[in-house]
Amino acid sequence: MMIKNLFLAGTLCGVALGTHAYDLPTVNLGMTSFLDGGLPAGTGWYAQTYLQNYDANTLKDQSGQRLGLPKTNLNYQVEVEQLSYLSNVRVGKHASLGINFLLPFVSKMDMNDGLNNAALKAQGGFGDLMIGPFIQFDPIMGSQGPKFVQRIEFQVNLPTGNYNQNKDINPSNNAVSLDPYWAATYWLTPKWTVSTRIHYLYNFKNNDPSYSFGDVEDIQAGQAIHANFASSYAVTNKLRLGVNGYWLKQITDTKVDGEKVKDRREQIWAIGPGAMYSFSNDNHVVANAYFEQDAQNRPQGTRLQVRYIHHF
């Protein structure tokens, strides 16, 4: 098996253990949740900090069965810094231009294979820079407040992070990927909202794959669709409680030296509780928990996250 996937700042980059693989790059699985279709305070600069802990004691194959290692315990901690700007430049009559920058840092990366890491070697450090120009549409208003708001973004992931061919787990994916998305929030009532963010992922070649792949010149991960979803209710003017989740499905085969390789497509879904507290219109904290289910060709575990949003 060749392992090559973590969430948003660690990528398992190749472990020769059999016939399966985890190939997809890091993507937004549950980073964003409530009120995702809009920005809370209009134009200007936004700074966001994400603190995330991921724990998994199971690495799954294509049938959803645990891999045949003595142990498959994975734990990592990630900090992600995001800087966003929503400008006054208008697109038509009902939208504005903006741009996002995200940079992850893996502060802790532990993989216990039960073999003193003879099968899996890991490193932390900076992950890949993500840049995304976006169009933010104005909210559609109703008689009691907003009814619908949406955004589209063309996100590009650049291979700027730490990568070592001798490591099986690297913060960088060592390949460019495109991950555009559409995000939207709908107010069912003035207090009750539903939100989603739907991505389409396209990956370019990694021309310097891990030595664990053997005599291979390049590997190109398959295409995938992934989505976040959330629903929240305003218990007070400051506090929202709700449910959040994510889903990922690889839809094309990974290619190794240009040849398709079967039985390596990844999938996962997760659900859990969440909360959002707004200190003011410019400062918000969001906490989310996710419990993963039905993994194929990837880890299955628990994800806990705290996110701070500040508008300047």
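The following paragraphs describe selected strands, side-chain contacts and backbone features of this predicted model.

A convenient starting point is strand β13, which spans residues 192-203. Its side chains alternate between two faces. Thr193, Ser195, Arg197, His199, Leu201 and Asn203 are directed to one face and are buried, whereas Trp192, Val194, Thr196, Ile198, Tyr200 and Tyr202 are directed to the other face and are not buried.

The pairing of β13 may be considered next. Strands of a sheet pair through backbone hydrogen bonds, in either a parallel or an antiparallel sense. Strand β12, residues 181-187, pairs with β13 in the antiparallel sense through 7 bridges, and the two strands form a hairpin with 4 residues between them. Within this pairing, Trp182 stands opposite Ile198 of β13. Strand β11, residues 177-178, is also antiparallel to β13 and is joined to it by 2 bridges; here Ser177 stands opposite Asn203. Strand β15, residues 224-234, runs antiparallel to β13 as well, and 10 bridges join the two. In this case His199 has His226 of β15 as its bridge partner.

One residue of β13 also takes part in an interaction between a charge and a ring. Arg197 belongs to the buried face of the strand, and its charged end sits over the ring of Tyr181, 4.0 Å from the ring centre. Tyr181 lies at the start of the range given for β12, residues 181-187.

A separate open sheet contains 3 strands in the order β14-β17-β18, with antiparallel pairing. Its edge strands are β14 (219-220) and β18 (259-261), each of which pairs on one side only. Strand β17, residues 254-256, is joined to β18 by 3 bridges, and Val256 has Glu259 as its bridge partner in β18.

Attention now turns to aromatic pairs. A pair of aromatic rings is described by the distance of the centres and the angle of the planes. The structure holds 6 such pairs. One of them is formed by Tyr277 and Phe279, with 5.0 Å from centre to centre and 75 degrees between the planes, an edge-to-face arrangement. Tyr277 is partly exposed, at a relative accessible area of 35%.

Tyr277 is also among the contacts of Asn283, a residue located in strand β20 (residues 283-296). Asn283 counts as buried because its relative accessibility is 17%, which is under the 20% limit. Its side chain makes a polar contact of 2.4 Å with the side chain of Tyr308, and a further polar contact, of 3.4 Å, joins it to the side chain of Ser280. When neighbours within four places in sequence are left aside, Asn283 is in contact with Tyr277, Ser278, Tyr308, Ile309 and His310.

The last topic is backbone geometry. Most residues other than glycine have a negative phi. Asp294, which is in strand β20, has a positive phi of about 55 degrees although it is not a glycine. Asp294 is partly exposed, with 47% relative accessible area. Leu35 likewise is not a glycine and has a positive phi of about 55 degrees. The place of Leu35 is the loop between β1 (11-12) and β2 (44-59), and this residue is partly exposed, with a relative accessible area of 26%.

Notes: Residues are numbered from 1 along each chain as its sequence is written. This is a predicted model: local features need pLDDT of at least 70, side-chain atom pairs count only at pLDDT 80 or more; totals for chains, interfaces and linings use all residues. Side-chain values use heavy atoms; hydrogens and water are left out. Buried means under 20% relative accessible area, exposed over 50%, partly exposed in between (1.4 Å probe, protein chains only). Two strands pair if DSSP finds at least two bridges between them. Rings of Phe, Tyr and Trp (its six-membered ring) pair if their centres lie within 6.5 Å; planes under 30 degrees apart count as stacked, over 60 as edge-to-face and the rest as tilted. A charge sits over a ring if NZ of Lys or CZ of Arg is within 6 Å of the ring centre and within 35 degrees of the ring normal. A polar contact is a pair of N or O atoms within 3.5 Å; within protein, one must be able to donate a hydrogen and the other to accept it, and residues adjacent in sequence count only if both atoms are side-chain atoms. Contact means heavy atoms within 4.5 Å.
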